[in-house]
Amino acid sequence: MMDAEQIILTKEFYQLNPSEKEAVKAYAENENDYNEIKSFLLATHQVFEAQKNELPQSLNQSVLAELYASPAEKKTWYKKLLLFLFPLDKPFYFAPSFQIGMATALVLLLFNLKPNVESGENLAIHTVEEHKSVGGHMEPEEEAPAAEVNDNIDALTSAEEVADQKISEVSEKETAKPTTTLPVDTKDKYYQQPPSISDQSLSEIGNSEMDKDEVTQTMQEDMVLEESEEIEVTIVENQKDDNSNNTAVITETYGNAEDGNKVQTSVTSTFRKSNNKKYKSAQEPAAVSEPQMERSPQYALSQTPELNGLFFTVK
Amino acid sequence: MRLIKKNYVKSSDEELMLLYTKGDRKAFEEIYKRYGTYIYNYFNRKLWYDSEKSEDFTQEIFTKLINKPGLFDPSKKFKSWLFTIANNMCKNEYKRMEVRKSTSYDVPEGYEAKADIKSAENQVDENSFSTQLDVELNKLNEKHKEVFMLRHFEGLSLNEISDMLEISVGTVKSRLHNTTKLLAKKLNTFNTLLAE
């Protein structure tokens with residue numbers, strides 16, 4: 001069915017059938033209006049046709065050239081990709097594939113040349129750990145202080161032997177038994193002291209600087225530290241006990257980790273000295289081959305003029 | 001080998017596009033013959049009668065069709081789809097030039113543009129029918145004018161205009177009736193002269 005405009009343009013009013021009159025009713029209800037609209041439309045079409053231009057020949061040629069130059073079939077994506085990566089009309093160094101490859105190689109080279117900070121840190125940690133692990137077996141480093149201790153003890157021993165007349169009261173009263181003054185030729189031989197101090201002996205201490213409780217506590221700590229396996233020795237200090245010229249006393253400081261708290265405990269151990277100038281623990285039994293001095297009550301106290309004047313009366 | 005020569009003239013636009021999609025370049029040639037002039041004149045009218053720009057735009061739209069025939073949706077009418085693309089290209093050009101509101105043709109709704117663009121021919125005979133028609137058309141609302149031009153200048157049917165402008169056919173008819181009756185009444189004097 002034709003549009004109203006087409007009916008108006010192609011037919012006269014009297015040629016219209018009822019359906020066509022109904023169709024053009026929106027434009028014209030009578031013949032005058034119909035003719036007026038028809039004249040306007042005819043004139044407009046003439047004007048518009050006159051305004052239309054023909055296609056330029058150059059445009060025709062360019063469009064048809066484009067049509068027959070381009071392949072009608074679709075290019076697959078990989079063909080497009082290959083054409084992009086390896087263009088035929090450009091030198092190889094302008095090709096994206098070459099440029100991408102060179103950029104990748106450059107990046108990889110830079111990453112390889114960059115110093116690895118993390119590996120350096122790891123190496124440092126390894127060095128520390130290695131040092132720790134090796135340190136436990138490095139006897140020379142561990143023994144060096146011990147040798148120094150021995151020397152110190154020797155020096156102290158000889159010094160005390162020179163001033164032997166000044167015997168510590170505490171040492172003598174702790175033992176509560178007469179000790180033997182070593183002969184000069186056997187001064188390097190020491191003997192095991194009694195492991196405990198009796199109450200009787202403690203009562204004889206008198207003016208001692210160390211009272212009973214302190215001595216007992218020191219002994220209890222000794223026992224605990226000996227039995228505990230979790231004790232970790234952190235610092236070892238060696239001193240010569242000036243309370244006795246017959247024994248070498250080494251004070252050891254322990255670091256004990258209990259309940260996360262670092263507890264340091266100082267323990268005094270008594271050593272005896274053998275001929276080869278190596279000390280053993282006082283708690284260890286003496287070897288059979290070791291000569292033991294007989295303890296004589298006459299050597300309980302070193303007799304010095306001062307002590308004789310203070311404690312002894314001439315009968 | 002093709003024994004029977006295809007009659008491209010009798011084929012519809014959609015059939016031709018389907019053939020071209022399969023590789024038949026002659027089919028596209030037929031399409032270009034049908035719509036080359038329409039599209040060129042459409043661009044020429046919409047782009048201030050700039051012939052060079054109209055050529056460029058016409059070549060661009062047909063190049064797009066040549067290189068990407070898959071863009072066409074066979075379920076739609078080819079003519080409506082083609083003019084829709086052309087209309088969108090014009091809108092983009094207006095935005096690019098930032099002179100959309102000052103053009104004589106594509107003016108905002110409710111604004112009656114003045115006939116300030118006159119060809120040399122119109123300046124010689126200002127009282128001619130075409131000049132007065134341009135003047136009256138420029139006074140119209142843009143939507144009404146667009147429907148009138150698409151119907152009588154480009155020769156699109158009501159359904160094609162409806163598809164292109166994405167409005168109902170009833171709206172197209174209403175706008176077309178009102179515009180035609182208004183212009184006919186205003187240009188009645190010229191019609192009388194023409195009839196004489």
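How much area do chain A and chain B bury between them? I looked this up before anything else, and the value I found is about 3,700 Å², with 64% of it on carbon and sulfur atoms. I noted at once that this is a predicted model, and I kept that in mind for every entry below.

**Entry on the interface**

I went on to the residues that meet there, and I found that 33 residues of chain A are in contact with 43 residues of chain B. I then searched for charged pairs between the two chains, and the rule finds one salt bridge across this interface. The partners are A:Glu5 and B:Arg151, whose closest N and O atoms are 3.6 Å apart. I reminded myself of the general idea that side chains of opposite charge can pair when their charged atoms come close.

I also looked at B:Thr58, which is found in helix α3 of chain B. Is B:Thr58 buried or exposed? I wrote down that B:Thr58 counts as buried, because its relative accessibility is 0% and the cut-off for buried is under 20%. When I left aside the neighbours within four places in sequence, I found B:Thr58 in contact with A:Leu59 from chain A, and with B:Gly36, B:Ile39, B:Tyr40 and B:Phe43 from chain B.

**Entry on chain A**

I turned to chain A by itself and noted 12 helices and four strands. The chain has 315 residues, and buried residues make up 29% of them. Of the contacts in chain A with a separation of 6 or more, 51% are between residues 24 or more positions apart. I also recorded that chain A exposes about 21,800 Å², of which carbon and sulfur atoms supply 55%.

I looked for a nonpolar patch on the surface and found one of about 710 Å², made by A:Trp77, A:Tyr78, A:Leu81, A:Leu82, A:Phe84 and A:Phe86. I picked A:Leu81 out of this patch and saw that A:Leu81 lies in helix α5, which covers residues 77-85 of chain A. With a relative accessible area of 41%, A:Leu81 is partly exposed.

**Entry on confidence**

I checked how far I could rely on chain A, and I found a mean pLDDT of 63, with 35% of the residues reaching 70 or more. Where in chain A is confidence highest, and where is it lowest? Helix α6 (residues 96-113) has the highest value, 91, while strand β1 (residues 232-236) has the lowest, a mean of 46. Over residues 205-212 of chain A the pLDDT is below 50, and I noted that this stretch has 14 contacts in the model beyond near neighbours in sequence. Residues 271-279 of chain A also stay under 50, and for these the model has 36 contacts beyond four places in sequence. I added a caution for myself, which is that predicted coordinates should not be read in detail where pLDDT is low.

**Entry on salt bridges in chain B**

I counted through the whole structure and noted 16 salt bridges over all chains. One that I followed up joins B:Glu93 to B:Lys53, with the closest N and O atoms 3.0 Å apart. B:Glu93 lies in helix α4 (residues 78-97) of chain B and B:Lys53 in helix α3 (residues 51-67) of chain B, so this pair ties together parts that are 40 residues apart in sequence. Both B:Glu93 and B:Lys53 are buried.

B:Glu93 has a further partner, since its side chain also meets that of B:Arg96 in a salt bridge at 3.1 Å, N to O. Here both residues lie in helix α4 of chain B, three residues apart, which is about one turn of the helix. I compared the two ends of this pair and found B:Glu93 buried, with a relative accessible area of 3%, whereas B:Arg96 is exposed, at 58%.

I looked up another pair, B:Glu136 and B:Lys186, whose side chains meet in a salt bridge at 3.3 Å, N to O. B:Glu136 lies in helix α6 (residues 129-139) of chain B and B:Lys186 in helix α9 (residues 169-186) of chain B, so the pair ties together parts that are 50 residues apart in sequence. B:Glu136 counts as buried at 9% relative accessibility, but B:Lys186 is partly exposed at 43%. As a last item I recorded that B:Asp13, B:Glu30 and B:Arg34 are linked in a network of salt bridges.

How values were computed. Residues numbered from 1 in each chain as written. Chains lettered and ligands numbered in written order. Predicted model: local features only at pLDDT ≥ 70, side-chain atom pairs only at ≥ 80, totals over all residues. Heavy atoms only, no water. Helix = DSSP H or I, 4+ residues; strand = E, 2+ residues; numbered from the N terminus. Buried < 20%, exposed > 50% of the residue type's maximum accessible area, 1.4 Å probe, protein only. Contact = heavy atoms within 4.5 Å. Areas by Shrake-Rupley, 256 points an atom, 1.4 Å probe, with all protein chains shown as cover. pLDDT = per-residue confidence, 0-100. Patch = residues over 30% accessible without salt bridge, like charges linked within 9 Å, V, L, I, M, F, W, Y side chains within 5 Å. Salt bridge = Lys/Arg side-chain N within 4 Å of Asp/Glu carboxyl O. Buried area = accessible area lost by both parts, 1.4 Å probe.
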